[in-house]
Amino acid sequence: MADEKEFPKAILHVDGDAFFVACEVACNPSLKGRPVVSGGERGIATAMSYEAKALGVGRGMPVFQIRKLFPQVIVVPSQYRLYEIFSQRMFKIISRFSSTVEWYSIDECFADITGLDAEMGISYDEIAKTVQETLYKELGITFSVGLSVSKVLAKVASKWKKPNGLTIIPQSQIQNYLRSVPLGKIWGIGPKTNQYLYRFGIETAQNFVDKGEEWVRENCAKPMVEIWYELSGKSLFPVYSGKRAEHKSFASTETFMPTTNDPAFLFSELSRHVEDVARSARRHSLMATRVSFFLKTKDFRYRRMECVLSAPTSVPSVILEAVRKSFGSIFDPVYIYRATGVTLHGMVPSSHASQDLFGGHIKSDSLKKVYDVVDSLLSRYGSRAIYVCSSLGAFHHRKKKNRGFNVPILGKVR
């Protein structure tokens, strides 16, 4: 179908547009077209709709400042479990087109579609467009899609036009695009490397490519040589199937009503969050080395604690032991609380976990086998079919108040 000289490799990069807020809008269509900001539970903007960005709202801006300067902005609490569900659906949809899909972050992934044009009987451009249209039809969220001959160039393409952009960079058009891309905008090039190369008069990605392989090898470290190849149209970075390439943390947080200072209920809320983040970690074959948690007061003050785990784990009961020991140090009955949250940090692959001095990993590993069965049952009967006893209060409260979110079924995700 397509000229092999134009696409010796065909790599897609799919990137969600204002993903967290887009998930909120998909579940609540009344928010469509309005300035929306997520992060209300943290007191700072974590994601913004394009309408909010147009007003001047930026990531990290305090919520009180947003409400003062932009009273028309709607601030919502983040629902990380909801975003994870949409992310999983995105991955499953793209996996229908290619068996080689790399889940890079919660709202973006790579797919190797080399040879799929002949198999499907349509061009790579049409495949990319079909993927983009299918995602919108079945999720109600727009994605910007880039298609090129390497992962780095596919990333350049997906960022070229947002939101809902579709950019194709074949081999013959690489220079036309790279001439106007600042080197610091290239995936994998940090500020220090950018400053270093600027001394040599390198300002754009094409300036860097023009230096040639010999110059790059003599003046740059190996990672930059690899990026030079990728920018030159030679694919060096393979698309890794299955798991997300990197995960620094997993978080779960939610506001509840009515507010309370009941320690049993607050711990039950934390327990529910621990179950959610631990399951996410297991899904990606990762274990945490640290856990942090917070209680948020009615007047938006945070009481936080971070604990180092005795051994890497993704088992809720092991994590909850650490949370329980430290709970009393941040809970004060004088305050009334409105939200809780838990984050797992220091993620390591499950295969890298090592035996600790006192056998903690043996205990964790044996419990993990139990949770392998639990995860199988949850996948079959629903995410709330089984839970630890300490989460009972939180689940009962949400069932009574009917505060669960509704994920729309906009199409069939197989």
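Leaving aside residues up to four places away in sequence, I186 touches V152, V156, V181, A205, I227 and L231, and this residue is a useful place to enter what is a predicted model. I186 belongs to the largest nonpolar core, a set of 69 residues, and it is listed there together with F208 and L231 as having the most contacts inside that core. Helix α4, which spans residues 80-95, supplies the largest share of this core, namely eight residues. Apart from this set there is a second, separate core of 28 residues, which includes F250, F267, L270 and L320. In soluble globular proteins, nonpolar side chains tend to be buried together.

From the cores we can turn to the strands. Three of them form an open sheet in the order β3-β2-β4, and the pairing within this sheet is mixed. Its edges are formed by β3 (47-48) and β4 (74-76), each of which pairs on one side only. Between β2, made up of residues 36-38, and β4 the pairing is parallel and runs over three bridges, and V36 stands opposite I74 in β4. Helix α1, covering residues 19-27, packs on the sheet and touches β2, β3 and β4, while its direction makes about 115 degrees with that of β2.

A last stop is S326, which lies in helix α14, a helix of residues 316-330. Is S326 buried or exposed? With a relative accessible area of 15%, S326 is buried, because buried here means a value under 20%. When residues up to four places away in sequence are not counted, S326 touches F293, M305 and C307.

How values were computed:
Residues are numbered from 1 along each chain as its sequence is written. This is a predicted model: local features need pLDDT of at least 70, side-chain atom pairs count only at pLDDT 80 or more; totals for chains, interfaces and linings use all residues. Side-chain values use heavy atoms; hydrogens and water are left out. Helices (H or I, at least four residues) and strands (E, at least two) are DSSP runs, numbered from the N terminus. Buried means under 20% relative accessible area, exposed over 50%, partly exposed in between (1.4 Å probe, protein chains only). Contact means heavy atoms within 4.5 Å. Two strands pair if DSSP finds at least two bridges between them. Axes are lines fitted to C-alpha atoms, for helices over the stretch in contact, and angles run from 0 to 180 degrees between N-to-C directions. A nonpolar core is a set of buried Ala, Val, Leu, Ile, Met, Phe, Trp, Tyr and Cys residues joined through side-chain atoms within 4.5 Å.
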